[in-house]
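Trainee: I should like to take a close look at one part of this structure and to follow how the neighbouring parts are built.

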Amino acid sequence: MGEGVGTLSTTAPITSTRPRLRINHYMGLVLWKQLRVPERPQILFTLSGGPSRRLACLHAPYYTLTVRAFDGKYNDTAKVEIKIANVNDNPPVFLKFNNNITIQEEMIVEGCIANLEAYDPDIQDRSAPQHIQFDVVKEDQKTLLSIDEQGCLRLIKPLDRDPPNGSPVWQVLIAANDEDGGPSSLQSTAELIIILEDINDNAPILDMVQPVVWRENQPPGKITTLKAKDYDSEANGAPFKFRIDDSAGPEITNNFAIRNG
């Protein structure tokens, strides 16, 4: 039996039809991604649909997925890294502080009367600058109190305890704004209670119906009961002692007298 020798050749390069995935590195939040098989451009894969729940950068800064391409006979896999882009979606958080302080009224306290601290949960590194801006919320208190970027609350003017314009207890609201108070910043508030210790800085005032009427030629006797009030606390108020002023002339001192008690 005879043997023959021949040569098998091709007129064009032979390429494998086995799918291979080529994925470029992707930065940021992936909502969808197309994966193309370079050797077979008609094969197109789409990663879509989104996660089954909302992803937070605080929980995991990135996710790694394994993607598989299969043509019925051959398959290939590739890694897809999804990095979560952080957004400002968490307001500042105040650290615990002494939110109930007592100071004396009508006195400027040197230094800070309170120290407040807050951090931005969107900044994972607590040692990094938090870019928190503090503010006194109530407009009528901004001329009396100030707070700097370090959270030091100071008195600008003394606080009054007594009526008609003062109060024994002051409720102060402090706002913390992230992103240095920028247009997209988020805000949290904290309450501080200032209790004022009273000092004896108000004189008593007569608190009775005036004028007192006394008819002429009536026999001597009780004309009226003197009553007074004091805007200070009870410790600096009643009981009061009444007397005729030392500057009164004889026509007063010879005809009138005050009996205390």
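Over residues 63–94, what percentage of the chain is helix and what percentage is strand, and how many Å apart are the end C-alpha atoms?

Mentor: The model is a predicted one. Over residues 63–94 the chain is 0% helix and 59% strand, and its end C-alpha atoms lie 31 Å apart. The limits of this stretch come from the UniProt record, an unreviewed entry, in which the annotation "domain: Cadherin" covers residues 63–94 and 95–206.

The last residue of the stretch offers a link to what follows. Phenylalanine 94 and phenylalanine 134 form an aromatic pair of the tilted kind, with 6.3 Å from centre to centre and 50° between the planes. A search of the whole structure finds one aromatic pair. Phenylalanine 94 belongs to strand S5 (residues 93–94) and phenylalanine 134 to strand S9, so the pair ties together parts that are 40 residues apart in sequence. Both rings belong to buried residues: phenylalanine 94 has a relative accessibility of 18%, and phenylalanine 134 has a relative accessible area of 6%. The cut-off for buried is under 20%.

Strand S9 leads on to a sheet. Four strands form an open sheet in the order S6-S13-S12-S9, and the pairing is mixed. Strand S6 (100–104) and strand S9 (133–136) each have a single partner strand and stand at the edges, so one side of each has no neighbour in the sheet. From one strand to the next, the twist averages 30°. S9 runs antiparallel to strand S12 (residues 169–177), and four bridges join them; aspartate 135 stands opposite alanine 175 in S12.

A second open sheet has three strands, ordered S7-S11-S10, with antiparallel pairing. Its edges are strand S7 (114–115) and strand S10 (145–147); each has a single partner strand, so one side of each is left without a neighbour in the sheet. S7 pairs with strand S11 (residues 152–155) over two bridges, and alanine 114 has leucine 153 as its bridge partner in S11.

The largest nonpolar core draws on strands from both sheets. This core has 24 residues, and those with the most contacts inside it are Phe134, Leu145, Leu153, Leu159, Ile174 and Ile194. Two or more residues come from each of S6, S9, S10, S11, S12 and strand S13 (187–197). Leaving aside residues up to four places away in sequence, isoleucine 194 touches Ile101, Ile103, Ile113, Leu159, Pro168, Val169, Trp170 and Val172. Phe134 thus appears twice in this account: as a partner of phenylalanine 94 and among the core residues with the most contacts.

How values were computed: Residues are numbered from 1 along each chain as its sequence is written. This is a predicted model: local features need pLDDT of at least 70, side-chain atom pairs count only at pLDDT 80 or more; totals for chains, interfaces and linings use all residues. Side-chain values use heavy atoms; hydrogens and water are left out. UniProt positions are given in the numbering used here, feature names are shortened, and annotations may be inferred rather than shown by experiment. Two strands pair if DSSP finds at least two bridges between them. Axes are lines fitted to C-alpha atoms, for helices over the stretch in contact, and angles run from 0 to 180 degrees between N-to-C directions. A nonpolar core is a set of buried Ala, Val, Leu, Ile, Met, Phe, Trp, Tyr and Cys residues joined through side-chain atoms within 4.5 Å. Buried means under 20% relative accessible area, exposed over 50%, partly exposed in between (1.4 Å probe, protein chains only). Contact means heavy atoms within 4.5 Å. Rings of Phe, Tyr and Trp (its six-membered ring) pair if their centres lie within 6.5 Å; planes under 30 degrees apart count as stacked, over 60 as edge-to-face and the rest as tilted.
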